[in-house]
Each structure stands twice: as C-alpha cells, then as structure tokens.
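Here is a short report on one chain. It moves from a single contact set to the core, the sheet, the disulfide and the overall figures.

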Amino acid sequence: VPYGNDLTNFSHIHIFTRNAVGESLTPAVVQVVDRSLPPYSVTELRFMDQDRGTDEIGGVVEWAEPPDVSVISSYRIKMDCPSGTIRILGDVPIGSSSFTVAFNTPLENCTDFVVVAINPVGESTINATTPIEDKTISSCPSDLRHHFASSRWRIVAETEVSSNWR
C-alpha cells in the first residue's frame, strides 16, 4: 500500500493470486493496522542543575505534553553526548511532565537533554532539546535564577542542603 493512502473506510486488504489461466476465487485477507511513529513532540523543555558538583548533574527535567497524546505511549529522556552517542536515562508514561535526574549523575561531556515521544512502533522523528548547564558550587553566588541574593555568601557544606535552607 503506497504511503499516504487514506485508509479511513477500509478494515481489510484482499489479496488474489493470478496466473495465465486467471485470478483465484478465494483471496487471502489481512486486517489493516495503521501504525505510525508519534507525530508530536513535547514543548517547553527545561532543566536546572541542582547538583553543585563539577561534572555532575542532578535535578528535574520538565516539559509540557503535546495536546494530542493518543498515539504516544511514553516519553524517553536521553542525553546527547560527544561523537553522536546518546545516553538513555529512562522512560516515563504519558501524563508525566517531568523526569528526575539523580544527583551525582556523571555529565560525561554531554551537552543536551533530549525528550522524545515513543510508542510500540518506535521513537518520534521530532524531539525537544535543552542545553545542559553544569552548575557548580562556585557558580552559585553569581547565579541569581534561584531568586536568592545576599551580599554575603558562605559555603557551609558541599553536600545537598536541606529544604529549610532553600
């Protein structure tokens, strides 16, 4: 069946054999199953590194789901690394709009997070990417995106700080 045929009104394909004498009277019948890769991508992909270790990341990758998720079964979260290698971090089901990257995850020179919709046929050819910025303890005083500012900064620990201090 040529690509792009409208199969809306068809449920089966009948296949008849033919030879020099004529066409067979009994066809082979197969059900039409229209399968395709997800044609959608997540939007508003973002990540802010909360692991302050050098060459380590941790935090939450967040996104907005596409309006139509009918042909999507889950989302795959990956890291785009040097030489075109892709590191798969995990899959989450539809209805999810975030993925937690464990603290102390090695950065391994990866440059971007990639989130792609998947279904039983495979991965969508459309994906969303966001750059990975490795935030370190030394970058914290100059990083004002966390909305805390002080004329005096001091490092009390190089481990995760409790939520009472955030």
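Val-61 touches Leu-45, Arg-46 and Phe-47. Leaving aside residues up to four places away in sequence, its other contacts are Ser-97, Ser-98, Phe-99, Val-101, Phe-113 and Val-115. The model is predicted.

Val-61 also belongs to the largest nonpolar core, which has 21 residues. It is one of the members that touch the most other members, along with Ile-57, Trp-63, Tyr-75, Met-79, Phe-113 and Val-115. Five elements each give two or more residues to this core: β3 (43-47), β4 (56-64), β5, β7 and β8. Two of the partners of Val-61, Phe-113 and Val-115, are thus named again among the best-connected core members.

Next, the strands. The protein chain has nine of them and zero helices. Read along the sequence, the pattern is β-β-β-β-β-β-β-β-β.

Four strands form an open sheet in the order β6-β5-β8-β9, and their pairing is antiparallel. β6 and β9 (122-131) stand at the edges with a single partner strand each, so one side of each has no neighbour in the sheet. From one strand to the next, the twist averages 25°. β8 and β9 pair over seven bridges, in the antiparallel sense. Asp-112 stands opposite Pro-131 in β9.

How many disulfides does the structure hold? It holds one. The link joins Cys-81 to Cys-110, with 1.9 Å from S to S. Cys-81 sits in the loop between β5 (74-80) and β6 (86-93). Cys-110 sits in the loop between β7 (98-106) and β8 (112-119). The two cysteines are 29 residues apart, and the pair links distant parts of the chain. The link is right-handed, with 75° about the S-S bond. Are these cysteines buried or exposed? Cys-81 and Cys-110 are both buried.

Some figures for the whole protein chain follow.

| Property of the protein chain | Value |
|---|---|
| Buried share of the 166 residues | 29% |
| Share of contacts between residues at least 6 apart in sequence that join residues at least 24 apart | 53% |
| Exposed area | about 11,400 Å² |
| Share of the exposed area supplied by carbon and sulfur atoms | 52% |

In short, the protein chain is built on nine strands. It holds one disulfide, and its largest nonpolar core has 21 residues.

Technical notes:
Residues numbered from 1 in each chain as written. Predicted model: local features only at pLDDT ≥ 70, side-chain atom pairs only at ≥ 80, totals over all residues. Heavy atoms only, no water. Disulfide = S-S within 2.5 Å. Buried < 20%, exposed > 50% of the residue type's maximum accessible area, 1.4 Å probe, protein only. Core = buried A, V, L, I, M, F, W, Y, C linked by side-chain atoms within 4.5 Å. Contact = heavy atoms within 4.5 Å. Areas by Shrake-Rupley, 256 points an atom, 1.4 Å probe, with all protein chains shown as cover. Pairing = 2+ DSSP bridges. Axes fitted to C-alpha atoms, helices over the stretch in contact; angles between N-to-C directions.
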